[in-house]
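Welcome to a quick tour of one protein chain. Have the sequence and the 3D view open while you read, and follow the residues as they come up.

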Amino acid sequence: MTTPQSMRAATIRGASWATAAALFTKIAGLAVQWVFGWMLMPEDFELWGIATSLTIFTAALSDGGVLRLLKQQPDRYGELCGPATLVAAVANVLGGVLLLVVGWSSRSLYDSDAFMPLLAWLAVGMMIRTPASILKSKLAIDLRFGAVSGVEIASVVVRSTAMIWMATAGYGPLSFVVPPLIATIVESIVPVFLGAARGFRIWPIRRRTLVEVLAVSRWTVPTTAAGGLTRRGDYLVLGLVLPGVLGVYFFGYQLAASAIQLFTGGLQSVLLPTLAKLLRDPPRLAAGFSRVFRMLAFVTCPAGALLFLAADPGIHLLWQGRWDAAIPVTEAVAASLVVQAVVPACAIAIETVGRWGIRMLLQLLDGVSLMAVTWVAATVPDADAGTIAWILVAQRVVFG
């Protein structure tokens with residue numbers, strides 16, 4: 001029987017591991033960005049921004065949207081893992097192929113095909129990601145958050161080391177895409193040694209459970225697609241309307257987004273499988289979410305203020321004026337941190353109780369409005385990356 005004390009301990013333990021892994025990830029990420037800021041040019045970041053923006057067309061197929069179902073119903077993992085793995089594998093392969101098709105078709109829009117090698121590596125990475133996704137989900141379902149963090153840290157070490165080496169060796173924008181592919185392979189192997197494969201089986205797949213998984217996917221797939229608009233829709237619009245500022249905008253935004261991920265990166269891995277066990281006890285479920293929201297608000301308010309104050313001197317010092325144009329972008333994202341950091345917890349609250357339709361609608365409205373506001377901001381006379389970022393603050397705060 002799951003007691004309030006055991007659930008509280010599991011949540012605290014999971015949050016502690018997730019925070020430690022996120023802190024390690026962001027320190028490594030800052031080291032990578034520092035190297036990239038010196039070794040790469042704005043044009044390289046522009047190419048990467050275009051490539052990653054095109055992935056919004058395949059985000060809907062990422063893992064077939066089934067990982068949320070596995071975490072939302074942890075007690076049925078043995079029954080659901082087979083059909084979930086099948087759906088995820090098929091969706092990921094289709095997504096990789098579609099990404100190549102989208103890239104090939106988009107060359108005339110950008111009057112360039114320089115981003116195609118990046119898309120090819122991204123496509124391969126998507127095609128092979130299913131084992132890593134399923135096995136890491138199993139560790140989270142078993143509330144083995146230390147093991148989840150161990151996998152993440154191993155992946156970060158491999159990815160960051162490879163990214164720094166490739167950038168210093170002169171591989172340019174390929175430094176963005178090859179190391180994550182290597183990290184995906186690591187994430188597929190390490191969980192096996194941690195016991196994540198125990199109890200895993202694909203066959204037999206019962207028709208009833210396959211239909212159930214597909215029924216949930218009809219909501220989670222469009223939700224994932226809308227999530228792609230929210231995460232990368234601004235890159236897509238800027239790449240088409242104002243490509244000259246995309247590199248600077250991308251650099252400043254990614255630097256600030258790391259701060260948000262520090263607080264929210266492990267939320268889904270921890271909260272969804274943990275609090276899903278409380279579905280039959282609504283008062284405890286509500287109390288658990290209330291504590292999470294209060295904790296996030298308490299931590300992110302001073303963190304956002306600190307990031308805002310440190311952006312100007314910090315970026316100038318780290319890159320000796322090379323990326324000063326990105327300072328307003330980082331400051332703008334920091335200003336919205338208080339609201340944005342709570343958004344993933346709200347989304348998890350909706351997913352935990354299985355309100356997939358509401359989750360999809362909110363995500364879609366957020367993504368579409370972000371792209372619309374980005375387009376309006378990009379058409380402002382003499383708009384630069386900072387101007388666009390500050391206009392987008394209003395959209396992020398309202399939908400947050």
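Which residue forms a salt bridge with aspartate 234? The partner is arginine 396, and the closest N and O atoms of the two lie 3.0 Å apart. Please keep in mind that this is a predicted model. The chain has 18 helices and 0 strands, and 52% of its 400 residues count as buried.

**The salt bridge between aspartate 234 and arginine 396**

- This pair links distant parts of the chain, with the two positions 162 residues apart in numbering: aspartate 234 sits in helix 10 (residues 207–241) and arginine 396 in helix 18 (residues 385–399).
- Both aspartate 234 and arginine 396 are buried.
- As general background, side chains of opposite charge can pair when their charged atoms come close.

**The network around lysine 136**

- The count of salt bridges comes to 3.
- Lysine 136, which lies in helix 7, forms a salt bridge with glutamate 152 at 3.3 Å, N to O.
- Those two residues are 16 apart in sequence, with lysine 136 in helix 7 (residues 130–141) and glutamate 152 in helix 8 (residues 145–168).
- The contact between the side chains of lysine 136 and glutamate 152 is also a polar contact, at 3.3 Å.
- Lysine 136 forms a salt bridge with glutamate 187 as well, and here the closest N and O atoms are 3.0 Å apart.
- Because glutamate 187 lies in helix 9 (residues 174–193) and lysine 136 in helix 7, this pair ties together parts that are 51 residues apart in sequence.
- Through shared partners, the salt bridges join Lys136, Glu152 and Glu187 into one network.
- Are the members of this network buried or partly exposed? Lysine 136 and glutamate 187 are both buried, while glutamate 152 has 27% relative accessibility and so counts as partly exposed.
- Leaving aside residues up to four places away in sequence, lysine 136 touches Val148, Val151, Glu152, Glu187 and Pro191.

**A nonpolar patch on the surface**

- Val124, Ile128, Ile185, Ile189, Val192 and Phe193 form a nonpolar patch on the surface, and together they have about 550 Å² of accessible area.
- Helix 9 gives the largest share of this patch, with 4 residues.
- Valine 124 belongs to helix 6 (residues 116–127), and its relative accessibility is 37%, so it counts as partly exposed.

**Asparagine 92**

- Asparagine 92 is found in helix 4 (residues 77–105).
- With 0% relative accessibility, asparagine 92 counts as buried, because the cut-off for that class is under 20%.
- Which residues does asparagine 92 touch, not counting residues up to four places away in sequence? They are Leu61, Ser62, Asp63, Met126, Met127, Arg129 and Thr130.

**Helix 17**

- Helix 17 (residues 356–378) has 23 residues and reaches 33 Å from its first C-alpha to its last, close to the 33 Å expected at 1.5 Å a residue.
- Several residues of helix 17 are buried, among them Trp356, Arg359, Asp366, Leu370 and Ala378.

**The chain as a whole**

- Among contacts in the chain with a separation of 6 or more, 84% come from residues 24 or more positions apart.
- The accessible surface of the chain comes to about 17,300 Å², and 70% of that belongs to carbon and sulfur atoms.

Methods
Residues numbered from 1 in each chain as written. Predicted model: local features only at pLDDT ≥ 70, side-chain atom pairs only at ≥ 80, totals over all residues. Heavy atoms only, no water. Salt bridge = Lys/Arg side-chain N within 4 Å of Asp/Glu carboxyl O. Buried < 20%, exposed > 50% of the residue type's maximum accessible area, 1.4 Å probe, protein only. Patch = residues over 30% accessible without salt bridge, like charges linked within 9 Å, V, L, I, M, F, W, Y side chains within 5 Å. Areas by Shrake-Rupley, 256 points an atom, 1.4 Å probe, with all protein chains shown as cover. Polar contact = N/O pair within 3.5 Å; in protein donor to acceptor, adjacent residues only side chain to side chain. Contact = heavy atoms within 4.5 Å. Expected span 1.5 Å × (residues − 1).
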